[in-house]
Amino acid sequence: MFRFLHSGVITSLTTESLSESDSMTVKYDECCLTNGNQTRFIILILIIIKLYFGEEKVTQIKSKDYNAFIKKVFSGSEKVMTILNFIKFSKVSEIIRQIEKKERYKNRFHELNLSSFLNNQIIRIQINVINKVIEDLEDKFDAYSAGTLIAEANNDTQKVTPDDIFGNKNKSELQRYVFKGFIDEYKGKVEIEYRYGEITNRFIPKIHILTLLRLIIPTGLLNSNKDIYKLTNQRMPIYNIFSKLFSKMKKNNQDALNTGQAISKLIPLLFKVRRKYIIPKLESRKRELIRQYKQQAFANELSETFIAQDIYEAKGDDNKITKIIKSVVNYNIEHIVPVVIFRIRNLFAEDDGKVRLNIPDDTIDNFLETITQVIYENYVKIKLKGLPSSLTTVVRGQDFYDGGSESYTTFNKNIHGLDETDFINSYKYILK
């Protein structure tokens, strides 16, 4: 199955001519490996292991014994030693462990004939004769540039992440069901990236699908409150939720379709809240907190905090203290945004097919600034006290989500009396 599971080896070369008399031989001027480096090294390592053990069964070896063997056998060949210098002993040990895992592996490797192994045509070889191609291209490439382009293209196809798989597999559903409102509103202004790195136009802002999908989770449209807390800053569970939603939609489940329409209307608004309000307010408040905590550090007012010892050891060095303070006030935007949305989720209202925040225009800036800053300052104070566990665990807890609830209540009911709506409950469709 090896040849079907691996793309094999791809070489790019330049040559005066291809041999007509010997189809198995190619004489080249310059040659570059553009794909298959791992395959090449695995074959090299297997050969070295076979040469090392000979007729003996494979067992783990020590690095000093391995190095002594390499020096003894190959030191006479500078070209071979140049290649072997790239082989790390840890990789040799890793492959030996794989051979040792099962007795049948060890037996088959012990019985392996090195000559037949090297002559076994299990590796697919592709040869790109570059100089025969570049002269016919519209874009003028030299041989080096063309070879580099081929190598980069092959490497990019291997960088497949769960995000890429989900985005490529569900692109049509994402565009049709959940991003339609966003695409309509931001066409030509912001591009949606379904696979990391696919958009290279630096003149148009881009947003990855996960960033947009995450905005829906804290609304509670698709999950219960306890799931909101633990889903913060996760990715695969979010993809799984939307995969289930798409599955229901394809079966024409009306509740799922209605929820999908609500999500499509919500995403443009949530994106606007994130970009126009939350991000600028956080950056502004971050600068203020750096100044504030620096003053407190020099006034010895942070002696009861987690960073007290670090500040003491900085001995008044402004640069060191600034660095210490920045480490505390720095934030992951994906920790803050969900909590802000969670706080304001009962203020969504629908008018004429669009969703808006049920907040007067002259109040919205001050309102979102207050909520954002309270949540962010709570985040920083938690870090200053010293984390009881990892920061990731803290931001996935109900206590962290409760931050800002008092400010929301005060600002909303006592000052502006904003009317909460039943938008979320009307379209709620919990997926299990």
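**Before the views.** Helices (H or I, at least four residues) and strands (E, at least two) are DSSP runs, numbered from the N terminus. This is a predicted model, where local features need pLDDT of at least 70, side-chain atom pairs count only at pLDDT 80 or more, and totals for chains, interfaces and linings use all residues. Residue numbers start from 1 along each chain as its sequence is written, and side-chain values rest on heavy atoms, with hydrogens and water left out.

**View 1. The largest pocket and its lining.** A pocket here is an open set of points on a 1 Å grid over the protein atoms alone, where a 1.4 Å probe fits, with protein on both sides within 12 Å along at least five of seven lines; lining residues have an atom within 4 Å of a point. Its volume, the space filled by probe spheres set on points joined across faces, edges and corners, comes to about 1,900 Å³. There are 46 lining residues, and Phe2, Thr39, Ile43, Ile122 and Ile123 are the closest to the centre. Helix α2 chips in the most, with eight residues. Among the other elements that supply at least two residues each are β1 (9-14), β2 (30-35), α5 (89-100) and α8 (143-158). Sorted by class, the lining has 23 nonpolar, 18 polar and five charged residues (nonpolar: Ala, Val, Leu, Ile, Met, Phe, Trp, Tyr, Cys and Pro; charged: Asp, Glu, Lys and Arg; polar: the others, Gly among them).

**View 2. The second largest pocket.** This one has a volume of about 450 Å³. It is lined by 20 residues, with Glu185, Leu269, Lys354, Val355 and Arg356 nearest its centre. Two or more lining residues come from each of α11 (180-186), α15 (254-298), β7 (354-357) and α19 (361-385). Helix α15 gives the most, with eight. The class split is eight nonpolar, three polar and nine charged residues.

**View 3. Lys294 in helix α15.** Lys294 has a relative accessible area of 18%, so it counts as buried (buried is under 20%, exposed over 50%, partly exposed in between, with a 1.4 Å probe and protein chains only). Leaving out residues up to four places away in sequence, Lys294 touches Asp318, Ile321, Thr322 and Ile325, where contact means heavy atoms within 4.5 Å.

**View 4. Helix α17 against α19.** The axes of α17 (residues 318-329) and α19 sit 8 Å apart at an angle of about 120 degrees. Axes are lines fitted to C-alpha atoms, for helices over the stretch in contact, and angles run from 0 to 180 degrees between N-to-C directions. That makes the pair oblique (under 35 degrees is roughly parallel, over 145 roughly antiparallel, 65 to 115 roughly perpendicular, the rest oblique). Ser327, Val328 and Val329 of α17 meet Tyr376, Val380, Lys383 and Leu384 of α19.

**View 5. Helix α2 against α6.** Here the axes come within 10 Å and cross at roughly 80 degrees, so α2 and α6 are roughly perpendicular. Leu46, Ile49 and Lys50 of α2 touch Phe109, His110 and Glu111 of α6.

**View 6. Two loop residues with positive phi, Asn233 and Lys315.** Most residues other than glycine have a negative phi. Asn233, in the loop between α13 (225-231) and α14 (236-250), has phi near 65 degrees and is partly exposed at 21% relative accessibility. Lys315, in the loop between α16 (308-314) and α17, has phi near 50 degrees and is exposed at 66%.
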